[in-house]
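Student: Could you take me through this structure step by step, with the terms explained as they come up?

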Amino acid sequence: MIHVGLTHFLVISIVLFALGLYAVITRKNAVMVLMGIELILNSANINFIAFSKFGNFGLQGQLIALFVIILAAAEAAVALAIVLNIYKTVANINVDEIDSLKD
Amino acid sequence: MTESALINIAVAILFLPLLGFAVTLLLGKKVKKIYLFEVFILFLGLAGAIAIAYTKLTSLSDAELVSEFTWINLGNTPLLGEIKINLGIMIDNIAALMMVVVMLISFLVHLFSIEYMRGDPRYNRYFAYLGLFTFSMSGIVLTHNILMMYIFWELVGVSSYLLIGFWFEKKSAADAGKKAFIVNRIGDVGMFLGILMLFTTYHTFTFDEIFAQISQGVLPFNSGFWMSVTGILIFCGAIGKSAQFPLHVWLPDAMEGPTPVSALIHAATMVAAGVYLVVRVFGIMTADALVFIATIGALSALIPATIALTQNDIKKVLAYSTISQLGYMIMSLGVGAFQFAFFHLITHAFFKAGLFLGSGSVIHAMHHEQDIRQMGGLRKKMPITYYTFLLFSLAISGIPLTSGFLSKDGILAGSFAFGTLTGNQFFAIVGFFVALLTAFYMFRMVIITFHGEPRNKEKYEHAHESKAVMTVPLIILAVLSIFIWYTPNPFNPDQGWILSKGINTHEQYIPEETRYDFLVPGEAAVVEGEETGSVMYSESYEEAMHSVHVPTMILSLLMAGLGILLAFVFYQWKKVNVDRLAEKYKPLYNFSLNKWYFDELYDKTAVSGTIGLSRFLGKFDSKVIDGIVNGSASVTKGFSTFIGKFDNIVVDGFVNFAAYLSGFVGLIFRRFQTGKVQTYLVFVLLSVVILLFIFNSF
C-alpha cells in the first residue's frame with residue numbers, strides 16, 4: 001500500500017486550485033464562477049489541513065480551515081446576493097456580457 | 001503826444017484791418033452792408049497813420065521808436081549763446097510815410113471798389129480780402145525785425161493770390177493767381193536763405209541789432225564777399241515781390257484780378273514792398289550787391305518799357321509800366337540814390353494807383369472792355385476820368401510841376417552822378433532811354449483811349465462818367481500828384497520837407513572798404529550831416545549831384561517831350577502810318593507784342609523742365625522706390641511661405657506624429673481594457689506567474 005504523504009495532499013490541492021481557477025476564468029455563468037471560487041477556497045483548506053497534519057503547528061491549520069469554511073459561507077451569501085442584484089438590473093448573469101467596468 | 005501813444009496807435013492801426021477782415025468774412029453772408037465796417041476801419045487806419053506821420057515828422061526827433069517783446073526765448077543755447085527772438089514794431093520817418101501811403105491808397109481803393117464791384121456775388125468777401133491785405137502790408141511796413149517781415153511778406157503774397165484769383169470761375173484768373181504765387185516763391189527762397197545767413201551770423205532777427213553788430217565789423221564768414229551774397233539773397237525777395245527781371249512775368253498776368261486790386265496791390269503798395277525791403281536793409285548792401293541790384297533794376301526798367309509800346313490791353317500797358325517804374329526805383333537804390341528811390345516809391349504809388357483807378361473807371365464805363373482798340377473819344381464822355389488820367393500820365397512821364405518829375409529827375413540825376421563818379425554811364429543811358437519810352441507809351445494809350453473818334457459806337461453810346469464814389473478817389477490822387485505837397489520848388493526837391501525831413505535817417509553800416517566810395521562820408525559831410533541829419537554821402541557825391549542837376553533836368557525834359565511828341569505824331573495827327581511801320585519792322589513788333597517771349601521761354605525751360613523732372617521722379621518713384629518696396633514685400637512673402645511650409649510640415653509633423661503615436665499606443669492598450677472581470681483575472685494570474693519567475697531568479 002502506498003504511503004499517503006504531504007505531497008499527495010498538495011497535488012490534490014493544486015489540481016483543485018487549478019480546476020477552480022479554470023472555472024472562475026472560463027465559466028460564463030456567474031454562479032459557476034462562484035462555484036469555482038469555492039473550489040479555490042477548498043484547495044486552500046486542504047493545504048492548511050495537510051500542513052497541520054504533517055507539520056508541528058498543532059491544531060492551528062484545522063482551525064483556520066474551519067474559519068475559511070465559515071468565511072466561504074458568508075462570502076457565498078454575499079456573492080449570491082450581488083448576483084441576484086445584477087440579474088435584477090440587467091436581466092442576465094452572464095459575466096461575458098457584464099462589461100460596464102470598461103466605461 | 002508821447003512816443004508810447006504813437007506806438008499804441010501804430011499797433012491799433014496794424015491790427016484793425018485784421019479785425020475788419022475777420023468780421024467782414026464771418027458776417028459777410030448774413031449782413032449785406034458789412035463792407036461799410038471794413039471801409040470805416042480803413043478810415044480809422046488812415047487817420048491813425050496821418051497822426052503818426054505828422055507827429056513823428058514835426059515834433060519828434062529822427063530817432064526810431066521801437067517797441068518789442070520776446071516771442072521765443074531759447075535761453076543759453078550750446079555753441080550759439082544767448083538767443084531770443086523778439087517781435088516788435090519800429091516807427092521811423094520812412095515807416096511813418098509809408099504807412100500814410102498804404103493807408104491812404106487802401107482807403108481810396110476801398111471807396112472806389114464800393115461802386116466798381118457792385119453786384120458781385122462775393123462782394124463782402126472782396127472787402128474782407130482787402131482788409132487782410134492792408135493788415136499784411138502794414139505789418140511789412142511797421143516791423144522791426146526781418147523774421148516778422150518775412151511772415152507778413154508771405155501774407156501779402158497770400159492776399160495777392162486770393163485777390164488775383166478773385167474771379168476764380170475764369171480759368172485765366174485762377175491760373176494767374178497760381179502763377180503769381182509760385183513765381184513769388186522762387187524769389188522768397190532766396191530771401192529766406194538770406195535771412196538764415198543773417199541769423200546764423202548774428203543770432204538775431206532784429207534790424208537794429210544786426211546793424212549794430214555790422215558796425216562793429218562782424219560779417220558773415222568774416223568776408224565782404226559773403227556780406228554781398230547775403231545782400232543779394234535778400235534782394236531776391238524783392239525781385240519776386242517787385243516783379244523785377246527775370247521774375248517779372250507774374251505781374252502782367254495778375255491784371256486778371258479786379259482793377260482796384262491792381263491799383264492797390266499790383267501798382268502802389270505790395271509790389272513796392274520789394275523796394276521798401278531794400279530800403280530797410282540798405283545799410284548792409286555792399287558795393288558789389290548794389291551793382292547787381294542796379295543791373296537788375298535797369299533791365300527791369302528797360303525790357304517792360306519796350307513791351308508796353310505794343311500792348312493793346314489798357315491794364316497790361318499799365319502793368320508793364322509798373323514793372324518799369326519799379327525797375328527805376330531798384331536801379332536808383334543800386335546806384336546809391338537811396339532817398340530818390342523811396343521818394344519815387346511814394347509819388348509813383350499815388351499816380352500809378354490813379355492810373356489804375358482811372359483805367360478801372362474806363363473799364364467800368366465800357367462794360368468790362370479792356371482793349372484800347374475798342375475805345376477812343378472817351379474824353380467827352382468822361383471828363384473827370386480823362387483829366388485826372390492825363391495828369392497822372394504827365395506825372396509818370398516826368399513833366400514839371402508834377403510829383404513824378406521831381407522823383408524821376410532825382411533818380412536820373414543819381415544815375416548820372418554815379419556815372420560821372422565811377423565812369424559807368426550804363427544806368428544813366430538806360431534811365432534816359434526809358435524816360436523816352438515811358439512818355440511815348442503812356443501818351444499812346446491816352447490818345448487811343450480818350451482822343452479821336454470812337455471805334456466801337458455801341459459801347460461808346462453806353463459809356464458815361466463814373467459816380468462820385470469813383471471819381472473822388474481819382475481827384476484826391478490827382479491832387480497828390482502835384483509837386484506842391486512835396487516841395488515848394490517845382491524844379492528842385494532838395495529843400496522840400498520830404499527829402500530834408502522825411503527820408504534822411506539812413507546810413508550804411510558795412511565796413512567802408514566794401515561801400516561805394518561816395519557812400520563813405522567825408523569829414524566835411526559828417527559835420528554838415530549833423531545839421532541836416534544825413535550822414536550817408538561823401539562830399540564828392542554831393543558835388544556830382546549838384547553839377548549834374550541841370551543837365552539831367554534838361555535831358556529828361558527833352559526825352560519826355562520827345563516821347564509825347566512822337567505819340568502825338570503817330571496816333572493823334574497820324575503823320576506816320578503805324579500799321580505800315582509795324583509791318584515793316586515785323587520781327588521787332590512781334591518781339592515786343594509777345595513780351596520778348598518770356599512766357600514761352602519759361603514754359604519751354606522752367607515749367608516743362610519742372611514737369612519733366614516731376615515725371616522722371618514719378619517714374620523713379622513708381623519703378624525704383626515701389627520696386628524696392630515690392631521687392632522687399634515679395635522677399636518677405638517668400639520667406640513667410642517657407643516659414644509657413646516649415647511650420648505646416650515639420651512642426652505640425654512632430655505634433656501630429658506625437659498624437660498619432662499616442663493614438664497608436666492607445667489603440668493597443670485599449671484591447672486590455674475589456675471591462676470583463678475574468679480577463680482582468682487572467683492578467684493578474686499572468687502577472688503573478690511572471691513575478692514568481694522574477695523572484696525565483698533572486
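Student: How many helices and strands does chain B have?

Tutor: This is a predicted model, in which local features need pLDDT of at least 70 and side-chain atom pairs count only at pLDDT 80 or more, while totals for chains, interfaces and linings use all residues. Residues are numbered from 1 along each chain as its sequence is written, and chains are lettered from A and ligands numbered from 1 in the order in which they are written. Helices (H or I, at least four residues) and strands (E, at least two) are DSSP runs, numbered from the N terminus. Counted in this way, chain B has 27 helices and 2 strands.

Student: What radius of gyration does chain B have, beside that of a compact globule of 698 residues?

Tutor: The radius of gyration is taken over C-alpha atoms, and the globule rule is 2.2 Å times the number of residues to the power 0.38. The C-alpha trace of chain B spans about 150 × 70 × 55 Å along its principal axes. For a compact globule of 698 residues the radius would be near 26 Å, but for chain B it is 37 Å.

Student: Which helix gives the largest share of the largest nonpolar core?

Tutor: A nonpolar core is a set of buried Ala, Val, Leu, Ile, Met, Phe, Trp, Tyr and Cys residues joined through C-beta atoms within 7 Å. A residue is buried if 20 or more other C-beta atoms, placed from the backbone, lie within 10 Å of its own, exposed if 12 or fewer, and partly exposed in between. The largest core has 214 residues, and Met99(B) is among those that touch the most other members. Its largest share, 18 residues, comes from chain B's helix α3 (residues 93–116).

Student: Why does the length of helix α17 of chain B agree with what is expected?

Tutor: The expected span of a helix is 1.5 Å times one less than its number of residues. Helix α17 (residues 403–422) of chain B has 20 residues and should therefore span 28 Å, which agrees with the distance between its end C-alpha atoms, 29 Å.

Student: How many residues does each chain bring to the contact between chain B and chain A?

Tutor: Two residues are in contact if their C-beta atoms, placed from the backbone, lie within 7 Å. Chain A, for its part, follows the pattern α-α-α along the sequence. The contact takes 8 residues from chain B and, from chain A, 9 residues.
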